[in-house]
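Work through the exercises below with the sequence and the model side by side. Try each task before reading its solution.

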Amino acid sequence: MVFGDDEKVFGDDEKVFGDDEKVFENQQTELTGLFVERPPASNAIIAGSDVAFTAKVDSTTLTRKPTMKWLKGKWLDLGSKAGKHVQFKETYDRETKVYTYEMKIIKAVPGDAGGYRCEVTAKDKFDSYAFEISVDVAPQEENLDILSSFKRADAGEDDGNLDFSALLKAAKKRKPVEEKPEIDVWELLKSAHPSEYEKIAFEYGITDLRGMLKRLKKMKAEPKPSEAFLKRMDSCYSVEKGKKIVLTCEVFDPNVQVKWLKNGQEIKPSAKYIMECNGNVRTLTINKTTLADDAAYECVVGEDKCFTEVFVKEPPVTIDKLMDDYHVVVGERVEFEVEVSEEGANVMYFEDIELHRDTNTAKYRIKKDGKKHTLIILEAGLDDIGMYHCWTNGGHTKGELEVEEKELEVLQDIADLTVRATDQAVFKCEVSDEKVTGKWFKDGVEVVASERHKMTHNGRFHKLIIDNVKPEDAGDYTFVPDGHALSLSAKLNFLEIKIDYVPRQDPPKIHLDTTGNMVSQNTIIVVAGNKLRLDVEITGEPAPTVVWSKGEEPITATEGRVHVEARKDLSCFVIESAEREDESNYTICVTNPAGEDKAMLFVKIVDVPDPPRHVKCLAVGEDCATMSWEAPAFDGGAKIKGYLMERKKKGSSRWTKLNFDVYESTTYEAKRMIEGVFYEMRVFAINSIGLSQPSNTSKPFMPLAPTSEPTRLLVHDVTDSTCTLKWLAPERIGAAGLDGYIIEYCKEGDTEWVVANKDLVERQGYVVRGLPVGEKINFRVFAKNVAGCSLPATLAQPVTIREIVELPKIRLPRDLRTKYIRKVGDKINLVIPFQGKPRPVVTWYKDGQPVDEKLVGVRNSTVDSILFIRSAERDHSGKYELVVQIENMEDRATIDIRIIEKPGPPLKVRVTEVWGFNAALEWEAPKDNGNCDITGYTIQKADKKTNEWYTIYDHNRRTNCTSSDLIMGNEYKFRVYSENLCGLSEEPGLSKNTAVIAKTGLQYNRPDYKEKDVSCVPTFTQPLLDRTVVAGYSTAMSCSVKGFPKPKIVWMKNKMIIGGDPKYIMMNNQGVLTLNIRKPSTFDGGRYSCMAVNELGEAEVECKLDIRIAVDPNATPK
């Protein structure tokens, strides 16, 4: 996926930030200052050029790696658009602890212009920076079209009128003038009076006045407030693929109908697009968004429109199956296969450059099969060596391709032959490559094909067949493969039959040929699977009897895998497809009446060795592993030359060769592996015969590396026998994780380090105990995981083990410096920090006496003291004093604790005076104030008829009050509650006497009432309207009238009063007048009027009624 020209981006004319620009400015003033270098605020680039923007973040104060985002506009995350057009890079400098982030735009296009923002987040810290990019069109060479410079700016392609005033202005500009600071002409024009436009244009060389005025008008134009929309949609929305999004706007008229458009096309309601209307709010809901929903949307009300853009984010596509490594020879086919989480996902392959479908299609092919994506290299070459990467928008994997020169291996060598005259000789060899051709030579001279000499090539096998062997065919034969510095040689021995005259009685004789397969006089070596044929010449008269034996067992079979063939003066012993069990001593015994002869041969069967044994991993590193194995139990009868190793990722079926040259040792270090990935390994053994079967696969192992050293090791505290160390976690932990830490120490000048902790320490701090007083000790800390220990973190200087004397000092919290008030029953837990070395003696006092630990709990540590009371009582009130003492030095702090509860009721509540509708009350303060000041009183009254209490005063601070607005004839009683910080008292104080309000005589004076005159002349508030109706369809005419007294209504047609005709129905409902005409005909047309008459006057309205006849559209015109 690349970010190309066709992507929807924010242009220059769009208000990318809008009102939110002020928000960004405010954010910049509140930044945490994580950026140490930021891109320029304004950037102008040329279209088609490459540009890079760099931001640096200081991580010295951060506890974890920061996260960087590059954004365009409000919401568009450019990380999802990474590819060929927009690329990102991240580096880290360990010395300065600075992260460098780079965003590079390749071949900028005008669509890249707009507002950008970079945001960095690290746990609870955040920093943001906004900058602008403008893209200018690349300048053209002036000498290409001289006349074009004289054309007006608004002239078309075929407009021939030239403007030579530009040339005159240019000539004037060539005169030497003093350099002036740059002035923005458009800002000057915006603030100038229109009468000065021509003067400014002449001064700054602007010849196209019409174009200048058009642009200035656009700049000055202010957006008109919308008359149809109360609230418009946001400028853009962002949604993840497959999720739902709701577009909302508010219209002025709640009854107006709106249209929704997508890229200019009207949207119809469906299950995907749901349109809702709720009062003034109009919403468009898009369900299950896809990439096709990434478009511009409009809400149309009449001629007014509201625009927005929707950006659909693709969910990150992860890689489920990683890419394997390949180790091949030149010409082999390579298939890099990955499996992603979604079908149809965009996948990019990179080597040193990006590989596309059209990149050397004869060599590279990209295949998609559902979730599987395959990069195919048809014939690998040396120029294809490298690391191949596969990227998706949510994952990355890589695989290494190693290509070696193809070396021709000899799988079967040419064997020496011994043949007799007229027999057939066949030289046969087998090489590793089926495509290799070659030539045959005899004693250095090329063999030419003839009727007796035939040469064949079938796959890996090459044969030279010589029919009817003659003595001149004996010699050295050589096969030379084309294009390889290799030759295979064998010897053809001609067995000449000699006939001598012998006496009739001749003892038998065995004539063994010691050449050919015999490595010694009595030993023959045969490769397992090959054929052994021994032709032994026998002489004797009469013809002797021949017996072959394997050990003590005679061989009599004339057919089968092991058999004996008898010929005249010749005995043949044949083993077809030799096996290991055929290795033994063989005896040939010939007898006749004249005697016997014996010969013994040892047939040695050589084979490929057994597989190596016990392949295992001895050690692992960050990208390597050390493997070992044992030699094969059987070497195949030939010395082991070495081994070949292969590895693969666990779960994969593709094995990668680790070496092409024979490796002689049984220990090997495999390199260039990926940390955190499980691998398996197998080994082949090689002897002079060939390659063994693979060994059993080793147990899966994972390349792991120790972590980096712990950081920021420091001394937190030192006493006479202990030292407290603290540190931070390593910067790099790796796939092996972190198991814990090991702390060691040694005396200064000593080389023996002592381990301080028996078990691994999981926390980032440790107290080393048992240290000698006054000694200078060096400390170091290791981080450990399954891969081993990291490099140590050390202190710059040794630490002297001696406690530092520190004066006692109590740091009383601010809230305890004033009176500490709590309610009865509350829990009290006071933590008072202090300092002092050596450990001070802490003592608590209450009112000058040591505290009773049965009533008050105390817990002391080296840095603070805790005073706690599980359930507070009034008796716990008092002044508590904390004394921290070291020898004759001490510090004191006093805490005033007050435990409060609700007060008692007021005393002596009484009514002191009654007058009119008022009563005066007085009372005395309660005897028990609840251990705090009385904050007020609540007074309530009740009459004796209902006995219902009503509050007349809250929070009254005085001990008297006056109750007013009492009802005449009623008798009232009163009660008073006292109040403090805990609330109202449980019981009130009741008045001992009551207040009686006496009755007095009253007289009611009725006010005068003047009736309002509402008489008015009849007036029509709604007139009759002209109508046109179809004949035969009932119609109605309506109007409304007002008037008092109620007017009389008269309907007329053509100034004639409509009587009691049943065709007309006249109705009057609250002044709304209606005339219904049932099934009118053409005769009912005319002028209708309505007259309203009362004693004050009259009023009349009139309308015209047209009756037209319905026409059948299917009828044939006459």
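## Exercise 1: a four-stranded sheet

Strand E33 and strand E34 (residues 461–466) are joined by 6 bridges and pair in the antiparallel sense. Strands here (E, at least two residues) are DSSP runs, as are helices (H or I, at least four), numbered from the N terminus. Two strands pair if DSSP finds at least two bridges between them.

The model is predicted: local features need pLDDT of at least 70, side-chain atom pairs count only at pLDDT 80 or more, and totals for chains, interfaces and linings use all residues. Residues are numbered from 1 along each chain as its sequence is written, and side-chain values use heavy atoms, with hydrogens and water left out.

**Task.** Find the bridge partner of lysine 454 in E34. Then place E33 and E34 in their sheet.

**Solution.**
1. Lysine 454 has isoleucine 465 as its bridge partner in E34.
2. The open sheet has 4 strands, in the order E28-E30-E34-E33. The pairing is antiparallel.
3. Strand E28 (410–412) and strand E33 (453–458) stand at the edges. Each has a single partner strand, so one side of each is left without a neighbour in the sheet.
4. From one strand to the next, the twist averages 20 degrees. Such angles run from 0 to 180 degrees between N-to-C directions; axes are lines fitted to C-alpha atoms, for helices over the stretch in contact.

## Exercise 2: a five-stranded sheet

**Task.** Which strands are the edge strands of the sheet E38-E45-E44-E40-E41? Which residue stands opposite lysine 550?

**Solution.**
1. This open sheet has 5 strands, and its pairing is mixed.
2. Strand E38 (523–527) and strand E41 (553–555) are the edge strands, each pairing on one side only.
3. The twist averages 30 degrees from one strand to the next.
4. E40 and strand E44 (residues 584–592) pair in the antiparallel sense over 6 bridges. Tyrosine 586 in E44 stands opposite lysine 550.

## Exercise 3: a hairpin and its glycine

**Task.** Describe the hairpin of E15 and E16.

**Solution.**
1. Strand E15 (residues 273–278) and strand E16 (residues 281–286) run antiparallel, joined by 6 bridges.
2. Tyrosine 273 has isoleucine 286 as its bridge partner in E16.
3. There are 2 residues between the strands. Glycine 279 takes a positive phi near 65 degrees in this hairpin.

## Exercise 4: loops with special backbone angles

**Task.** Locate two cis peptide bonds, before proline 542 and before proline 838. Then look at phi in aspartate 443 and glutamate 887.

**Solution.**
1. Glutamate 541 and proline 542 are joined by a cis peptide bond, with omega about 0 degrees. Proline 542 lies in the loop between strand E39 (532–541) and strand E40 (545–550).
2. From lysine 837 to proline 838 the bond is cis, with omega near -5 degrees. The loop between strand E63 (828–837) and strand E64 (841–846) holds proline 838.
3. Aspartate 443 is not a glycine, yet its phi is positive, near 50 degrees. Aspartate 443 sits in the loop between strand E31 (438–442) and strand E32 (445–446).
4. Glutamate 887 also has a positive phi, about 55 degrees. Its loop runs between strand E68 (878–886) and strand E69 (889–900).

## Exercise 5: buried or exposed?

**Task.** Is arginine 647 buried or exposed? Which backbone oxygen lies 2.9 Å from a polar atom of its side chain?

**Solution.**
1. Buried means under 20% relative accessible area, exposed over 50%, partly exposed in between (1.4 Å probe, protein chains only).
2. Arginine 647, in strand E48 (residues 640–649), has a relative accessible area of 5%, so this residue is buried.
3. The backbone oxygen is that of lysine 671.

Definitions and conventions:
Polar contact = N/O pair within 3.5 Å; in protein donor to acceptor, adjacent residues only side chain to side chain.
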